Structure formats: C-alpha cells, structure tokens
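This briefing presents selected features of one protein model, grouped by topic. It covers sheet architecture, nonpolar cores and aromatic contacts.

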Amino acid sequence: MIWKARDPVTPPKGRGEIGDRQLKPLSESVNDIGNGQRKAFRAGMTPPGQGPKPPPPRQAGSTPPRRGGDEPAPPAGRKRRDFTCPAQPAPPGARWSRKRRRRRRRGPAPASAPGPCGEMAAGRALAALLAALLVASAQLFPREERNNSVLYVFSFLVSFTISLHKADNTTVMIKLKPGLSPSCRIRMKNVIRSELKIKPGENVTFTFTCSTPEKYFIMEIQKNIDCVSGLCPFGDVHLYPLGLPRLNRTYIWDVKASTKAGLELKFSTSWLRQIEPGETCPDSVSYNISSCIDKAVVNIGTFCRNGSVSRIKLLGGVIVSLHLPWHLPLTTSGFNIANRASIKRLCIIESILKGESSVTLMSPNYPLGFPEDELMTWQFVIPSNMRASVFFHNYSLSNCERKEERVEYYIPSSPSNPEVFKLSDSQPANIAGSFNMSLQGCDQDAQNPGILRLLFQVVIQHPQIDENVTHLVDLSKEKNMTMTIHLERWPSHIPLMSEPICLICKDPRTCDRVLTLTSGAVYRISFLCKDLSRLRITAEKGIGCMDIRWCRGKIYSLSVPKAITRLPIQLHKFTWKLLATDLINVEITSPSLKLQQHIPEQRCNTSYSYSIVSATPETGMNVGVFCPGGSIEKIQMRNNITISLNTFGKRFISESIPQDLKMSFVPHIKDECTFTVSPNPKAEVYLQAPNSPYGLPPYVSISWFIVVPSKQTARLSFSRDRMDIACETGRAYINIKEEILGAEEIVCREDELLPQPRNMHHNFWVNVSNCKPVDKTQLTLQFRVTFVDKQIDLGIILGVVAGAGVLTAIGLTVFCIKKKKKKTQNALVGVYNANVNTQMPGKKGLFEKGRQNSESHVYAVIDDAVVYGHLLKESNGSVTPEVDVYRPFDGPIGNLPPSPPPFSFRKDIKHSSNTEEEPLPLTDTDQDTYTFAHQKSGQSEDNGDANKKDKGDTSVPLLENKEQVGLVE
C-alpha cells in the first residue's frame, strides 16, 4: 500500500518520529496490532477483510471459557459475546497449562483455523517477518541509520507528487547540498538517484530514503518571465507550486525586459535591509536582487526583511532570488512587480526612514567594482522635522581616463542643486528632510581599471536643543598639536545601529562622529548629541630639539591647554612626544607636586596619571606610571620620550589646575634613567625599577638619588633577598653609596645576597646595572625608603660640651700669652744714614751713581718689627719669617742689587762665602715711590707709638725735589 500526500509533511521531531506521531519500536507496534485485533474482536468489530459472522455454536460437553483477568465484565442484563477460539483436541504428547490466567498450549501448534483465530495467527506471522527485516536492517545499515530502522522500513509509505503546468514555465530542481555524502537518496519508480529535475508539464511522484531529507537536499524553483515578447504578470508574486517537500528552497524569478522600460519591485510593509556579503539574516530569509542589461548581470545587493528599503527600480531585466529555510511555512513572496518608464540609470533604491534610525547601503557589486561609467541613485524619504547625516565608511576609487567619479546630492532646501562632492570629502550632515544621493562612475583605464566601491551610512536623528550653540577652540598659539573629539572606546569600538548617534560639527553642514583639529587655527564647533558624556578628547603634541645650543635653558610646560579644559567634554588622553638627538637628554621635573610611582604597594588614587615610555630604534622601556603627590622631584632620561596623561574621571578639570610638570633638554647623561627623590619628613617611599614586570633591558643602568632630610635618618630595605637573575653575558650589579667624602660603597652582584636593611644618614645613591640575562629570567628591583628622626645620645652631648670648654680655655691661654709677649717685646730699629741715595736701583737713566758709589743697599729706617713681624708669626703658613736686628753688609757689591728669594724658599737657603749669585734685573713694573720715616735721637725705644706721639718733624721726606725728577710712578 502506498500513501500519497500533497500536503507538506510535518518535520520530524526527533529520532523515531514522523510528523506529530511518535513511532514505537517494531515489537511494540506488532503487539499493538495484535492487541488491537483482539480488542476489536472482543468488542464485536469485524476484522479487516471479513464480513460479519455469527458467533460459533457451543458444542455439547465443552468447557465454557474462563474470563481472563484483563477482560471487563459484561454489563448487567447483557450476555457476554465470546470470540475466543473453540477448544480443539490436543495432539498426542501435548499438555495444557495455565499461567497468569491465560491458557497457552505447549507443544506443536495446530494448523490455523479459519476465522478470528486464523487472522491472529497471520498477524503473528507478519510480526515475525517484520522482526526479521528489522534484524537484517540492523546488520546492513550504519549505527546512525540503525537507530531509525523503523523509518527505513516504513519510508516507502510517504511519497510526494509534483505536477507542473507547462504554461507556468517553472522548473523544480532537487539536488544534494554541496560537500555532503549521498547518505540519503531519491526513489522514483524503484530507481534510486541523487538529484531530480522536474520540467514544465511533468507530473512526478517520488520518495526519500531517509527520514530527514532537509539535511541532505536543497530545492530550486525557477520561473522565467518574458516581458519582451509576451505579457508580463504584473502584481503580487506568489510561491508556486504548493505542496513541496520541506527542504531549504530558493525561488528564482528571471524577468526579461527591454532596456527602454523599467521594472519596479515594491516590497511589503516589512521592507528590506541591505547586508554585506557573507552576512546572514536573523530569520534565514534573504532576497538577492540583480539587474540584467543585455548579457551583463549586476548584483544590486542582498537584503533581509525588516528594514527601510521599500522600492527598487531597475533598468532592463531583473533576477530576484528568495531563500527560505525548510522549517518556515512561508506562502507569499513579499513583493510585487510593476512596469515603469525608463529610469535612465542603473537603478534607484528608495529608503523610508522614520524616527531616529540609520541605514547602511552599498554600491552594486560590492565589494567588487561598480560598473564602468554608470549612474545610480538612492532616494531617502525623511520627515521634515528630522535631521540626516551621511558617512562614508569604506570606499575605493578606480583609475579614470575620462570624467571623474563623484557623488551628487539633491537637497530641496539647498540653494545650489546638485551639490557635488568627491568621495574623499566630508559628506553633508544635518540635512533637514528628504534628499537624493547619486553615485557617478567614469571611463576607466583599460590596462589598470581599478575598483570603484562604496559603503556608507545615513543617520537620522532629532534636531538637538543646543545645535546652534558653538564652542570656541583656540589653537592658534599651539605648535605641533592635534586634538581629536570622538566617542568613547574609539577606535576599537564601532557603535551599533541601535546606539544613539553623537556628531561633532565644524560647521552646520560638516559633521562626523570623529573630528580632528590641528594647531595654528581657531575653530567654532557644535555637537549633535543628547549625551555629551559619551564623547572624549584625545590630543597629541610634539616637542623636539636638534641642537642643544638652541634648547638649553628653555623650560617647556607639560600642561593641558585651556582650549581643551574649557570644553564640556572629558579629556581621555594627552600625549607629549619629546624628540631629541643621541647626545641630548630629557629632564622632567615636578617642583611642587612631585610624582609618585604607581606600584601595588602604593597605588595612585588621583583622577589622572602620567605614563612615561623611553623608546629607541632598537628597544623600548616603560619607565612607569606616575601621579602627582609623591616624592620624585626629577627624572632624567635618555633617548626619545613619550609622556601620556590619562584621565579617569570628571574630577580632572578641578584637580589639574595646579599642574606643574615641566621638561627641558639637558646634555648627555651616563645612565638610561636617573630619579631624584626628595621626600617629605617621615615619609615612606616605594621605588621600582622601570619596565616592570618584564624586567630591565640588557645592559641598562638606572640610578636613584635619595635626598635625606636634615635631622632625619633614611632606612633602606629591599623587597627580596636576591636579584633572581642569571646572566649570559656580563654581570649585574647593585651599588649603594652615601654622598660624603670617604663614604663606603656597597656592591652586590647578581649571585650574591642583597644588603640587609641599613640606615643612611646622608644623601645616597642606589644604582642597578643589568647584564644580558639568559632566557626566561628578568631583572626586577623594588626597594623601600623610610625616614625617622635622628636619635642623639646624652653622652655625645656631654662630650661635645666638654670639648668646647677645653678649646675655649686653650684659646684664652694663647691670647693672654701673646698679649703679654707683645707688651714686653723691644722694637727693632735701624740707623738713619743721611747720605743714602734713595734713587731706584737698576735704572741707569734714573740713578746717576753706580752700585759701588751708592749706598742704596743700606736701609735708611726700619720700622718696628712688631708692625710686620707679629702678622707673619700668627699666620698658619709653613713659612716662618726671619725677624732680626739690622746688621751692615760686609760682602762684595755688584752693579745690580740682589733679588731676595721668595718666602717659601728662605728656610732652605744656606750661606756660603765662596759662592756669589748674580742678581736678577728688575722689571719696569718695579717702580714705586718710597717714603721712609726716621726717629729722633733720644726717643724711647720701648715706646711702640713714638712716631704718633712725637710733636717734631718725624715725616720729612728723605728724597729731595731735585732727586725726584725723572721718577716714573
């Protein structure tokens, strides 16, 4: 028996199911058949294939049948109709037994008797046959198919009949999905095949050899419509034929039309939404629309349901494909075809936008090239109280020989239509109401045509209350600076279509989601955004120095310009890029706020921080993250430096007012980085080597100079006992030394223990030098410096007081002795010789007498020795002056006076009577006027102040006027 079904078969719900009926195992099904027959017989029903029969007469002497436990008792007043088989004589050797109130015969079964008992026997035989088939299928079919062996047995019970009218010009094709093995086949007239093609006018009946053909087969239904030579069936497009198997199916309408006419596809109220190639629709229902001009086919695009595209007008023929999943019982195509006049362009796509929304559209053939020298138009229907903005997200240009690729806008409110833009220009924004946009191609180069493609978005939003409010951004005094206003998490995050739109406008018609401003100009910007808290500012400034002669002494302020802080937008990051040559380094200072290094032991809780990175062409080193309010006063670094100010909240504007970070260019330094730490009293400072946790780069040296406050002691302690590094080349060292004369220097290698906590009483240095470590080992260093007040011992105080007393007593004693000696010392005087020639020696032009005739070597007057001698005696020099009473010179006299040796050599002079040194000539600079004083006879020698108290003429010049002629002063 074969069941024919035209209605769609209900999809299987699982293994062992067909439609809505749950299939049981074969044995249970056979038992159900047998039980159903027995119950039918007992209920007085006629078995299939037999007419009504009277009950058989009871034989005399026969035992009435006993009522089984499962048989219901007859109603009162009604006799029970017994359809049990009559008793038959048992063959020899057979015996009867009763079990569970059922009578069963053991032994050879008799031949089937006609009547109900014979039918039951036939049912049991059929069950046995089906069981044998089930066992055979379990051996022949694989495990997956064995689980549904019943379905294979009864699969021939479900068939499909497809009848196509010849006038419909429709073809049905059923074929395997690409890349699948033929585990399921099509059976038609006892012929197994992998695909089936049904042509117009054919009537075909077939079945599948599996229970889930939708997993293996797809179906294409193509209808050809000729509008050139015949009548076009304009109007709604229906899905034909009905009653098809539930497979993934594609309906194709191929409409041929003249290029002098246009076809219009009008979609139902759900409308369409264009998607990019490779994207899928949420409900798996998609439309693909192509235009046919002569033999050229242009892919207009792929669309999903529930969008804004309401109509598409095409020039010439059109091919529409509708893809439906097997489980969706769709009965309508969702569009109709109408005839229109020629549109004189490739196509026109109409999009109706209501409320705040956006639509993404692409040029035909995207991402491939737009047809050469073609024109297409998008029509946007927008309420007049809404605003539209156009954004080009992806485009490319072809190589044009003639004409120019462009975009034209027709805006009803514009005084100059059409407005022409290049694809590289900023597209119009804040457009009020509906408008048209057209894409025009060019004549491409035959050798290298290139590709013209475009993906753009149109955003619709309500006009903002403050859209006419402008904000002044003055960057005229800034140099080498750019600032960008953008959405948060840009550029990694692309806002979804459902997210509210925020636009930044340089002028009323130039708006974008991202706006970049450069230094040297003044801007007036406005915002089309309901929530300005979603916007951020990112700025960058460059400072360079190529010659230290022009940069030395200049101090640059690393603070955020007021043009940024005055905007109602949060600053996200401000970056300074400091560029210099190899012999020029960078010095960063924070005199008042100072910097704190952000490490786990001391975290920054401010609203902004500085990230400092040192970079070279070979390596880069992350110096660290710092925030204001610490102990680091100065950082000196080599190479190019990048400093980024990152904000973390709205408090930045109020906290950043006292920014004092400054930088300057300095000459070359020895270490890659040097920190100057000047902590507050009783502070606790944690310091960490740069580039943590990745470790210092090879052969890098870092230094810290820690200033110890007066009257305090610093305690230095390291966080670990060792450096935990193994060197492949060179050695790693840690040096610690106080900055005092003769201080001990502590040196530790990488294989030694680090110093134990120690007290530092003066300013000190900590230096770490890295080697080239072996793989998987890095040098990281962290230490702590705490400050406490100095503890002064009482014994030390008493010792200092006693020492001061002793020194005072010694000083008083020396003073008294010297004073007494001064009073008792006799003054040393010389003898006055009135015949002395006081003319300067060595100048023959000035002195008329020679050396032998003159007595210039004889002193006229020698003043008190105390006047000069006591000064020489009290000097701390190593030379002891010679003080004595004048004695006349008895030696030989030359032409020139001898020059006395310097004081430093007088103590080494030994007098010899046999040697005589030649005197050195005096230079012209030894020209002084001498004035001598003399004592009168009878003056007391012990009176040290005799010259002042004497009333006589004690200051008479010894040189007469006639002898002073020719002297040079």
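Strand β52 (residues 712-718) pairs with β56 in the antiparallel sense, over three bridges. The model is predicted, and the points below describe two of its sheets, two of its nonpolar cores and a selection of its aromatic contacts.

**The sheet containing β52 and β56**

- Within the pairing of β52 with β56, Leu 716 has Arg 758 of β56 as its bridge partner.
- The two strands belong to an open sheet of four strands, ordered β50-β59-β52-β56, in which the pairing is antiparallel.
- The edges of this sheet are formed by β50 (684-688) and β56 (758-760); each has a single partner strand, so one side of each is left without a neighbour in the sheet.
- On average, neighbouring strands of this sheet are turned by 25° against each other, direction ignored.

**The sheet containing β25**

- Another open sheet of four strands follows the order β23-β32-β25-β29, again with antiparallel pairing.
- Its edge strands are β23 (357-362) and β29 (431-432), each of which pairs on one side only.
- Strand β25 (residues 387-398) runs antiparallel to β29, and two bridges join them.
- Strand β25 is also antiparallel to β32 (residues 450-461), to which it is joined by ten bridges.
- Arg 387 stands opposite Ala 432 in β29.
- Ala 388 faces a partner in each of two strands: Ile 431 in β29 and Ile 460 in β32.

**Nonpolar cores**

- The largest nonpolar core comprises 85 residues, and the members that touch the most other members are Met 483, Phe 675 and Trp 704.
- When neighbours within four places in sequence are left aside, Phe 675 is in contact with Val 623, Phe 626, Ile 632, Lys 634, Ile 635, Pro 690, Ile 702, Ser 703, Trp 704 and Phe 705.
- A second, separate core holds 78 residues, including Phe 160, Leu 164, Ile 186 and Tyr 409.
- Tyr 409, a member of that second core, also belongs to an aromatic cluster with Trp 378, Phe 380, Phe 392, Phe 421, Phe 435 and Phe 456.

**Aromatic pairs and a charge over a ring**

- The structure contains 23 aromatic pairs.
- Tyr 287 and Phe 335 form an edge-to-face pair, with 6.3 Å centre to centre and 85° between the planes.
- Tyr 287 lies in strand β17 (residues 286-293) and Phe 335 in strand β21 (residues 332-341); the pair therefore ties together parts that are 48 residues apart in sequence.
- Tyr 287 and Phe 335 are both buried.
- The ring centres of Tyr 608 and Tyr 610 are 5.8 Å apart and their planes stand at 90°, so this pair is edge-to-face.
- Tyr 608 is buried, as is Tyr 610.
- Arg 513 is placed over the face of Phe 391, at 5.9 Å from the ring centre.

How values were computed:
Residues are numbered from 1 along each chain as its sequence is written. This is a predicted model: local features need pLDDT of at least 70, side-chain atom pairs count only at pLDDT 80 or more; totals for chains, interfaces and linings use all residues. Side-chain values use heavy atoms; hydrogens and water are left out. Rings of Phe, Tyr and Trp (its six-membered ring) pair if their centres lie within 6.5 Å; planes under 30 degrees apart count as stacked, over 60 as edge-to-face and the rest as tilted. Buried means under 20% relative accessible area, exposed over 50%, partly exposed in between (1.4 Å probe, protein chains only). A charge sits over a ring if NZ of Lys or CZ of Arg is within 6 Å of the ring centre and within 35 degrees of the ring normal. Two strands pair if DSSP finds at least two bridges between them. Axes are lines fitted to C-alpha atoms, for helices over the stretch in contact, and angles run from 0 to 180 degrees between N-to-C directions. A nonpolar core is a set of buried Ala, Val, Leu, Ile, Met, Phe, Trp, Tyr and Cys residues joined through side-chain atoms within 4.5 Å. Contact means heavy atoms within 4.5 Å.
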